[in-house]
Structures are given as C-alpha cells and as structure tokens.
Amino acid sequence: MKFSQLFIFFFILISVFICVISHQNLKYGKLELPSGVSGPESVAFDCKGEGPYTVTSDGRILKWKGSKHGWKEFAITSPFRIPKFCDGSINPIMEQVCGRPLGLKFNEVTCELYIADAYFGLMVVGRNGGVAKQLAISVEGVPFRFTNVLDIDQDTEIVYFTDTSTIFPRWAYAIAMQTGDKTGRLLKYDPRTKQVTVLLKGLSFSNGVALNKDKDFVLVTETTAAKVTRYWLRGQKSQTNDTFTQLAGCPDNIQRNSHGDFWVAQNNCGIP
C-alpha cells in the first residue's frame, strides 16, 4: 500500500490530474485536505462531473464543494463508525471499526459510487451519500481480507476489483510485503446477478485495477512483483493472463486516461 506520505501524495497528484483532464478539462491545481485528515488513496468525479471525491484514513469519503465550502463528508463505509472516536484517526487498528475505504469509482449511468473498503468489502452508496451498502465480503467461501481498488466497465456495469491478500488485513500490509505473500486475487462483481467471480489467484500484493479503453482486458498491479499483469476478457486470449510490463519500482495504483494510456504510481519498494 503506502511506503511514505511522499508517494501517497504523488499518486493523488496523478489521480487528480487524470480525472480533471478527463472529466472537466480544467488546469491542475492543489487541493488541501482539512486539518488532521490524511490517507487520500483514491480520487473520483461523479456522473455530473462534480467533485473530486476522495477517501480518508478515518473511514470517510469526502466531496470537494468548491473553494467557498471546501471538503464535506459525503459517505461512510462502517455502520459502527462513531465520529467522536473515528474522526481524524490514523490508528490502523481503529480501521476495523471506523472503516478504511481505498478504491472509488462512479457508475456513470446510475450515479452510484462503488467503494472498495479494506475491511467491509465491496460496497455502494447512492448519489446522495450516507452509509454505504455492503455488496460482497467473500467468494468461493474465502472472505476478503484486504479489499483494495476497483474499476467499472461503464457499458456492462461489471465491477473489477482486488483483494490484496486472503491472509493479511490492511493493518498488516507491511508483513504481507515482507513475507512475499502471494494470495492476492483479481475479482469480478456483476450487479445484475450479484455474483462474484475469481479471475486470477496467487497474485503478489494485488493492488491497482484498470480496464483498457476497448474493454478487452483489465490490468492489475502486483506491487511486490514490480509488474503489471494483464487479464484478457475477450478475444482469442480470453481468460488468459500475461505480463503487461515489468517495472523498476513497485506499482501501487493505476489509472487510464481519456486517450487510453495508463498512468502507474510507483514507489521505491521500501528501499531508502
């Protein structure tokens, strides 16, 4: 996940830039989070182009309401969240109570916001926000331990997302990386059937997810393997996978821009 605040900030710069160019055609600008708030792992714009929306380490999804109103709480992922104890928290142990949303993506047809929460699984919340609804917490009898990032096929509404480990929860991410855990999964959720399907198993810290522009393959970053893996969805190679690219650093999140190019946030793999 995160090796230093520097690289988290670097990814947010990339995410904001991509989203702004793709959705609003505006110039890049820096948006400061409220005092005491941290952990903006993902950025998204809604179906009206409003936002950005981002996640926080204390279990909230915030929406940018413009320079006059700033950031406002839009949604939460934990039904047990108590603001007095959770607001501003950076304690990883509290994430299991407060929630820890990581991945965000809007369904551009329904305007619903899909959320990957590390502890509460795949979730969704309506256009008015509030407490997110849990959609899936396991597949093939194996619980999600570390739900991470997602992308949506806007034509089929199918959600592609990662479960980084079947053994280690998010608070133990450093142990997962140090031990070379390879239990990550690439998953698919169909909102019509409400079924979850395993596409790939045995991934090395499966992290970011991004569909290509033609929707014939999906990419997943394997952080500790320093590579991006491609899973073919259609064509002669359907249901097979290969290495899309090997990287010098360890990849975290990945985004596709409006031209079909991919932006990958890399870190130094924990090396000083």
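Is Asp242 buried, partly exposed or exposed? In this predicted model, Asp242 turns out to be partly exposed, with a relative accessible area of 22%. The cut-off for buried is under 20%, so Asp242 at 22% falls on the partly exposed side of that line. Its story is picked up again below, together with its charged partner.

First, the overall picture. The protein has 272 residues, and 54% of them count as buried. Its chain forms four helices and 21 strands. Among the contacts with a separation of 6 or more, 47% are between residues 24 or more positions apart. The protein exposes about 12,500 Å², and carbon and sulfur atoms supply 53% of that area. As for confidence, the mean pLDDT is 91, and 89% of the residues reach 70 or more. Over residues 1-25, though, the pLDDT is below 50, even though this stretch has 66 contacts in the model beyond near neighbours in sequence.

Now for the sheets. Strands of a sheet pair through backbone hydrogen bonds, and they can do so in a parallel or antiparallel way. One open sheet here holds five strands in the order S1-S2-S3-S4-S8, with mixed pairing. S1 and strand S8 (130-131) stand at the edges with a single partner strand each, so one side of each has no neighbour in the sheet. S1 pairs with S2 in the antiparallel sense over two bridges, and Val43 has Thr54 in S2 as its bridge partner.

The loop between strand S1 (43-44) and strand S2 (53-55) also holds Pro52. Here the backbone does something less common: the peptide bond from Gly51 to Pro52 is cis, with omega near 10°. Most peptide bonds are trans, and most residues other than glycine have a negative phi. Glu50, in that loop between S1 and S2, is linked to Lys63 in strand S3 (residues 60-64), 13 residues apart. Their side chains meet in a salt bridge, with 2.8 Å from N to O. Lys63 is buried, with a relative accessible area of 12%, whereas Glu50 is partly exposed at 36%.

Two further spots have an unusual backbone angle. Glu157 has a phi near 70°, a positive value in a residue other than glycine, and Lys194 has a positive phi of about 60° although it is not a glycine either. Glu157 lies in the loop between strand S12 (147-152) and strand S13 (159-163), while Lys194 is found in the loop between strand S14 (184-190) and strand S15 (195-203). Their surroundings are not alike: Glu157 is buried, with a relative accessible area of 19%, but Lys194 is exposed at 56%.

Back to strands, and to S18. Strand S18 (residues 227-232) is mostly covered, with five of its six residues buried. On one hand, S18 pairs with strand S17 (residues 217-222) in the antiparallel sense over six bridges, and Val218 has Tyr231 in S18 as its bridge partner. S17 and S18 form a hairpin with four residues between them, and Ala226 in the turn has a positive phi of about 55°. On the other hand, five bridges join S18 to strand S19 (residues 241-246), again running antiparallel. The bridge partner of Tyr231 in S19 is Asn241.

That brings the text back to Asp242. The side chains of Arg230 and Asp242 meet in a salt bridge, 2.9 Å from N to O. Arg230 sits in strand S18 and Asp242 in strand S19, twelve residues apart. Arg230 counts as buried at 17% relative accessibility, while Asp242 is partly exposed.

Side chains of opposite charge can pair when their charged atoms come close. In the whole structure, 15 salt bridges are found. One of them joins Lys215 to Asp155, with the closest N and O atoms 3.4 Å apart. These two are 60 residues apart, with Lys215 in the loop between strand S16 (206-211) and S17, and Asp155 in the loop between S12 and S13. Lys215 counts as buried at 16% relative accessibility, yet Asp155 counts as exposed at 60%. Elsewhere, Asp58, Arg60, Glu73, Arg81 and Asp87 are linked in a network of salt bridges.

Last comes Pro251, in strand S20 (residues 250-256). Pro251 is buried, with a relative accessible area of 0%. Beyond residues up to four places away in sequence, Pro251 touches several others, including Asn207, Thr221, Glu222 and Val264. The C-alpha atoms of Pro251 and Glu222 are separated by 6.8 Å, although the two are 29 residues apart along the chain.

Terms used: Residues are numbered from 1 along each chain as its sequence is written. This is a predicted model: local features need pLDDT of at least 70, side-chain atom pairs count only at pLDDT 80 or more; totals for chains, interfaces and linings use all residues. Side-chain values use heavy atoms; hydrogens and water are left out. Buried means under 20% relative accessible area, exposed over 50%, partly exposed in between (1.4 Å probe, protein chains only). Contact means heavy atoms within 4.5 Å. pLDDT is the predictor's confidence in each residue, from 0 to 100. Two strands pair if DSSP finds at least two bridges between them. Accessible areas come from the Shrake-Rupley method with a 1.4 Å probe; for residues, only the protein chains shown count as cover. A salt bridge is a side-chain nitrogen of Lys or Arg within 4 Å of a carboxyl oxygen of Asp or Glu.
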